[in-house]
Amino acid sequence: MARTIRCDNAECEVALPRLALAFCPFCGSAQTRRAEAAEAAEASAQAPAVTVATGTPALSAAGASAQPVPAAAMHPGADTDAARAFEAHLAAELGDAYCSAGQFQALVAYAGRQWNIPRARAETLLAMWLEQHHAVNEKQLLAELDGLLHAFTHDDRKLDKKERQDALQSICTPRPGYARGLDSVEAERYLIEFCRINSVRVRVGLFKWQVP
């Protein structure tokens with residue numbers, strides 16, 4: 001069975017997939033439980049550092065002097081200046097309050113080239129900026145849609161009409177404070193791709209089930 005967690009809204013009582021959901025897709029309530037996100041962050045923090053050039057673990061404190069010192073460590077204000085410059089760039093680039101998954105990756109890559117911002121740091125800055133400005137984060141919404149589809153199809157590898165409708169509606173409907181939800185065309189494309197990759201069948205006609 002797929003792991004679930006109760007919605008934070010006591011009146012909702014919906015069992016949600018155990019994911020880092022910012023909002024309940026059914027009642028719209030903000031969610032404070034981030035169990036798997038916290039576990040992933042902790043695992044990432046505990047993972048050994050890897051050098052870009054050799055792919056080997058970085059030296060311990062005893063041999064740290066042999067490693068180059070990051071520019072941000074030499075100049076503490078550099079990281080803040082780079083973050084501010086990146087945020088100003090985001091304000092100019094994301095005027096329509098919608099950041100596609102492809103645009104998300106392009107902006108993260110640009111931050112690395114232009115200001116030497118590490119990828120993980122750039123992703124965090126971008127995700128925070130989108131949330132603060134109520135701009136749609138397509139990458140995050142697609143991850144939430146993926147979680148819902150896995151929860152609906154975990155047991156029987158089937159996606160019935162109601163489950164399909166609920167999944168698309170919960171992700172495409174604008175959340176409180178947002179002007180838009182996930183683009184419906186992109187949501188439908190992702191749903192079909194999900195079914196094909198995971199051999200999930202949908203109803204065709206009255207009695208037939210097949211992978212779309």
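Colleague: Let's start with Ser-100: where does it sit?

Modeller: Keep in mind that this is a predicted model. Along the chain, strand S3 covers 98-99, and H4 comes after the loop that holds Ser-100. So the place to look, for a residue that counts as partly exposed at 25% relative accessibility, is the loop between S3 and H4.

Colleague: Which backbone nitrogen does the side chain of Ser-100 reach?

Modeller: Ser-100 has company from far along the chain, since its C-alpha is 9.0 Å from that of Asp-183, 83 residues away in sequence. Its side chain, though, makes a polar contact at 3.0 Å. The partner there is the backbone nitrogen of Gln-103.

Colleague: Is Ala-97 buried, partly exposed or exposed?

Modeller: Ala-97 is in the loop between helix H3 (76-93) and S3. Its phi is near 60°, a positive value in a residue that isn't glycine. Buried would need under 20% relative accessible area and exposed over 50%. Ala-97 has 26%, so it counts as partly exposed.

Colleague: And what is the phi of Arg-157?

Modeller: Arg-157 belongs to the loop between H6 and S5. With 42% relative accessibility, it counts as partly exposed. It isn't a glycine, yet its phi is positive, at about 55°.

Colleague: Moving on to helix pairs, is H4 parallel, perpendicular or oblique to H5?

Modeller: Helix H4 (residues 101-115) and helix H5 (residues 119-132) have axes 9 Å apart and pack at about 125°. Roughly perpendicular stops at 115 degrees and roughly antiparallel needs over 145. The angle of these two helices therefore makes H4 oblique to H5.

Colleague: Which residues of H5 make that contact?

Modeller: The two helices cross in a right-handed way. H4 brings Phe-104, Gln-105, Leu-107, Val-108 and Ala-111 to the contact. From H5 come Arg-119, Ala-122, Glu-123, Leu-126, Ala-127 and Leu-130.

Colleague: How about H6 and H8: which residues of H8 does H6 meet?

Modeller: Their axes come within 11 Å and cross at roughly 40°, which makes H6 oblique to H8. The crossing is right-handed. On the H6 side you'll find Glu-138, Leu-142, Leu-145, Asp-146, Leu-149, His-150 and Thr-153. They meet Glu-186, Ala-187, Tyr-190, Leu-191 and Phe-194 in H8.

Colleague: Now H7. How far does this helix reach from its first C-alpha to its last?

Modeller: H7 runs over residues 161-172, so count 12 residues, at 1.5 Å a residue. The expected value comes out at 16 Å, and H7 is close to that. Its reach is 16 Å.

Colleague: Which residue caps the N-terminal end of H7?

Modeller: Look for a side-chain oxygen pointing at the start of the helix. There is one 3.1 Å from the backbone nitrogen of Lys-162. The residue it belongs to is Asp-160.

Colleague: What do the buried residues of H7 pack against?

Modeller: The buried ones are Glu-163, Asp-166, Ala-167, Leu-168, Ser-170, Ile-171 and Cys-172. An α-helix has 3.6 residues a turn, so residues three or four places apart point the same way. The packing partners of these buried residues are helix H6 (138-153), strand S5 (158-159) and helix H8 (184-197).

Colleague: Zooming out, what share of the protein chain is buried?

Modeller: The chain's secondary structure comes to 8 helices and 7 strands. Of contacts between residues at least 6 apart in sequence, 49% join residues at least 24 apart. As for buried residues, out of 212 in the chain they make up 31%.

Definitions and conventions. Residues numbered from 1 in each chain as written. Predicted model: local features only at pLDDT ≥ 70, side-chain atom pairs only at ≥ 80, totals over all residues. Heavy atoms only, no water. Helix = DSSP H or I, 4+ residues; strand = E, 2+ residues; numbered from the N terminus. Buried < 20%, exposed > 50% of the residue type's maximum accessible area, 1.4 Å probe, protein only. Contact = heavy atoms within 4.5 Å. Polar contact = N/O pair within 3.5 Å; in protein donor to acceptor, adjacent residues only side chain to side chain. Axes fitted to C-alpha atoms, helices over the stretch in contact; angles between N-to-C directions. Parallel < 35°, antiparallel > 145°, perpendicular 65-115°, else oblique. Left-handed = near helix turned anticlockwise from the far one by under 90°.
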